[in-house]
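Got a two-chain model open and wondering how the labels on it are earned? Let's go through them one at a time.

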Amino acid sequence: MFLGLRELRFARMRFALMGAVVALIAVLMVLLSGLSVGLVNDGVSGLKKLPVTSFAFEHGVQTDAAFSRSVVDLAAVDAWRKQPGVAEAAPFGNTLVNAHGDRGTTIDLALFGVQPGTFVAPRPAEGEGLGTTDNGIVVSQTAIDKGLRIGDTVTVDRLGTRLVVVGSLAGQHTFGHVDVAYIALPLWQRIKAGAAPGDPMPAHALKEATAVAVRSEPGVTVDLAAGDRAAGTTSLSLHDSFGASPGYTAETSTLTLIQGFLYAIAALVVGAFFTVWTIQRKQEIAVMRAMGAPTRYLLGDGLGQAFVLLLVSTGVGVAVGTGAGSLVGGGAPFALTGSAVGLAAVLLLVLGLAGAAAAISRIAAVDPVTALGANR
Amino acid sequence: MSAGLSLSGVTLEVGDGDETLLALDAVDLTVAPGEFVAIVGPSGAGKSSLLAVAGALVRPTSGEVRVAGEHLGPLSARERARVRRELIGFVFQSGNLLPALTAADQLRLPLRFNRRARSTARDPLDLLAEVGMASKSERRPHQLSGGERQRVGIARALVTSPRVLLVDEPTAALDRQRSNEVVDLLARETRQHEVATVMVTHDHDILGSCDAVYSMADGRLSRTS
């Protein structure tokens, strides 16, 4: 890259301007990937941390809203326990509630109704688990970060059901951008049925949950279709069930679309710059070709130059983006991970190089005879 | 004779809209190593076409071109590029130097293309000293005068120790004194390094150092002195 490096030094302002554009795109990519990971965490981290391989929902339920619409009979749990390859099956309740704390603070909670002692029951990092009191809840660390304390009482709006925080979980457990609170299944059933304390419960509500949580034997793939036929359910793998979280599919597809556009813009911007750069150098390229410069050498030199430009500017952009990302407040759905940032940087580099390669390939079409006399 | 340049019965037809023009018409030319030949003629006479054909840039319509004994006719585009790298040096109008490179780097660049020539290549700094540019080896083209750029261009053409030197209007945009200096330098280098040099020019006042002068008109070449 004899010539490429010297051109980078000689035309440093032009390359710096181009590099600044690439760096800004890299900053945006880092922030978007942080937002993307943060939104995923906010949407489904509570599900991701469940030791579950699949959920069996109500038969025929609308799968993109299964957690809010599905109602399964507890008999389905037994049917799933009998399926080959199933290690454990347990009822799982899911509902979102508005509540307020002792000090008047409002808090939204995703109530995960589970039977204490089952494999889906929470293992608190602090405090106690479910089962010690009838109205105990075990909450996500993110709820603690917002000011909730073990021992606090949380009252569910409209119903007046009083819940006591008995334990907290390590890390983020959220669902649909709401902090998760594990609750014993019977109390979850009352809240889901809209029964205030002292109100009679509809008989059917005591036999219902949102889904059957299933864990397969290690290394075994459970025949979900067979299980569904036996239990009268519709199953989704844990990963597929993320799409049943509120807004998850729309959020991830929107961000993916934006990121896709940004990658395309990066390739086009870099390609446009190197197209202009190559056209400006047409006479120089003709001179070098007249001197017998192999096309492969000229292409390699140009691509090396583009690689250095992209590497440096992407590196600067990633550093600035990471720095800016660290300033994002804890309330925002934002999380930087090395893999996501690394993938964004590599994609930017590869697609930028593809754009540059398309532009630099014009070198092969420059006629060396234009270096001479009247052709100049 | 075979180590220099020879053109035998070379014709070149070029398209001009719907018509075809005869840019070179049965041109015969032989230039021996150490011989400095000038070709004069008005614009459009075919001088640059002759350089393009002799320099393996354009394939003639008919006839035979040999550079250092190598027949260019059957060579592919890649092989002709190899001939340009290894056997031919070009001196372009105004030097045609690369703006990003210092004078020394202008000479190092052809050596990057031409790994095989490195064993026979000349030292760039020695060569710059030979053309009187040692003190300006780290200057870029915009920091040099027209005559200095042309000196660097000549040194660049010679750095790979070519067998044939093709010089395209070297004194365009130079005053008389500098023109004479450049042509004297070309003549000296031609003889010192036993290279077969062809210079095309429309300037009749710089021909005193040449061994032979040819005139070109309407694609036809004729010896005048």
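**How the labels are earned**

Q: What makes β3(B) and β8(B) (residues 196-201) a parallel pair?
A: This is a predicted model. In it, five bridges join β3(B) to β8(B), and the two run parallel. Two strands count as paired at two bridges or more, so five is enough. One of the bridges sets B:Val37 against B:Val198 in β8(B).

Q: How do you know that β3(B) pairs with β9(B)?
A: Use that cut-off of at least two bridges again. β3(B) and β9(B) (residues 212-217) have four, in the parallel sense, so they count as a pair. Here B:Val40 has B:Ser215 in β9(B) as its bridge partner.

Q: Why is β3(B) called largely enclosed?
A: A residue is buried when 20 or more other C-beta atoms lie within 10 Å of its own. Five of the five residues of β3(B), 36-40, are buried, so the strand is largely enclosed by the rest of the structure. Both faces are covered: B:Phe36, B:Ala38 and B:Val40 are buried on one side, B:Val37 and B:Ile39 on the other. That fits the general pattern, in which side chains of a regular strand alternate between the two faces of the sheet.

Q: What makes β2(B) and β5(B) edge strands?
A: Chain B also has an open sheet of four strands in the order β2-β1-β4-β5, with antiparallel pairing. β2(B) (19-31) and β5(B) (70-71) each pair on one side only.

Q: How do you know that β4(B) and β5(B) are paired?
A: β4(B), residues 62-67, and β5(B) have two bridges, in the antiparallel sense. The cut-off is at least two, so they count as a pair. B:Arg66 stands opposite B:His71 in β5(B).

Q: What joins β1(B) to the strands β2(B) and β4(B)?
A: Nine bridges join β1(B) (residues 5-16) to β2(B), antiparallel, with B:Ser6 partnered by B:Thr30 in β2(B). With β4(B) there are five bridges, again antiparallel, and B:Ser8 stands opposite B:Glu64. The hairpin of β1(B) and β2(B) has two residues between the strands, and B:Gly17 takes a positive phi near 70 degrees there.

Q: What makes the contact of α2(A) with α12(A) mostly a matter of nonpolar residues, and how do the helices cross?
A: By class, the contact has 11 nonpolar, two polar and no charged residues. Residues of α2(A) including A:Ala26, A:Met29 and A:Val30 meet residues of α12(A), among them A:Ala344 and A:Leu348. The helices pack at an angle of about 145 degrees, with their axes 9 Å apart, and the crossing is right-handed.

Q: Which residues have the most contacts inside the largest nonpolar core?
A: They are A:Ala26, B:Ala155 and B:Val198, in a core of 111 residues. Helix α12(A), residues 338-360, gives the most to this core, with 10 residues. Apart from it lies another core, of 66 residues, with A:Phe334 among them.

Q: How many residues does each chain bring to the contact between A and B?
A: Chain A gives 22 residues and chain B gives 27. On the side of chain A, the largest share, five residues, comes from α1(A). That side divides into 15 nonpolar, three polar and four charged residues.

How values were computed: Residues numbered from 1 in each chain as written. Chains lettered and ligands numbered in written order. Predicted model: local features only at pLDDT ≥ 70, side-chain atom pairs only at ≥ 80, totals over all residues. Contact = placed C-beta atoms within 7 Å. Nonpolar A, V, L, I, M, F, W, Y, C, P; charged D, E, K, R; others polar. Core = buried A, V, L, I, M, F, W, Y, C linked by C-beta atoms within 7 Å. Buried ≥ 20, exposed ≤ 12 C-beta atoms within 10 Å, placed from the backbone. Axes fitted to C-alpha atoms, helices over the stretch in contact; angles between N-to-C directions. Left-handed = near helix turned anticlockwise from the far one by under 90°.
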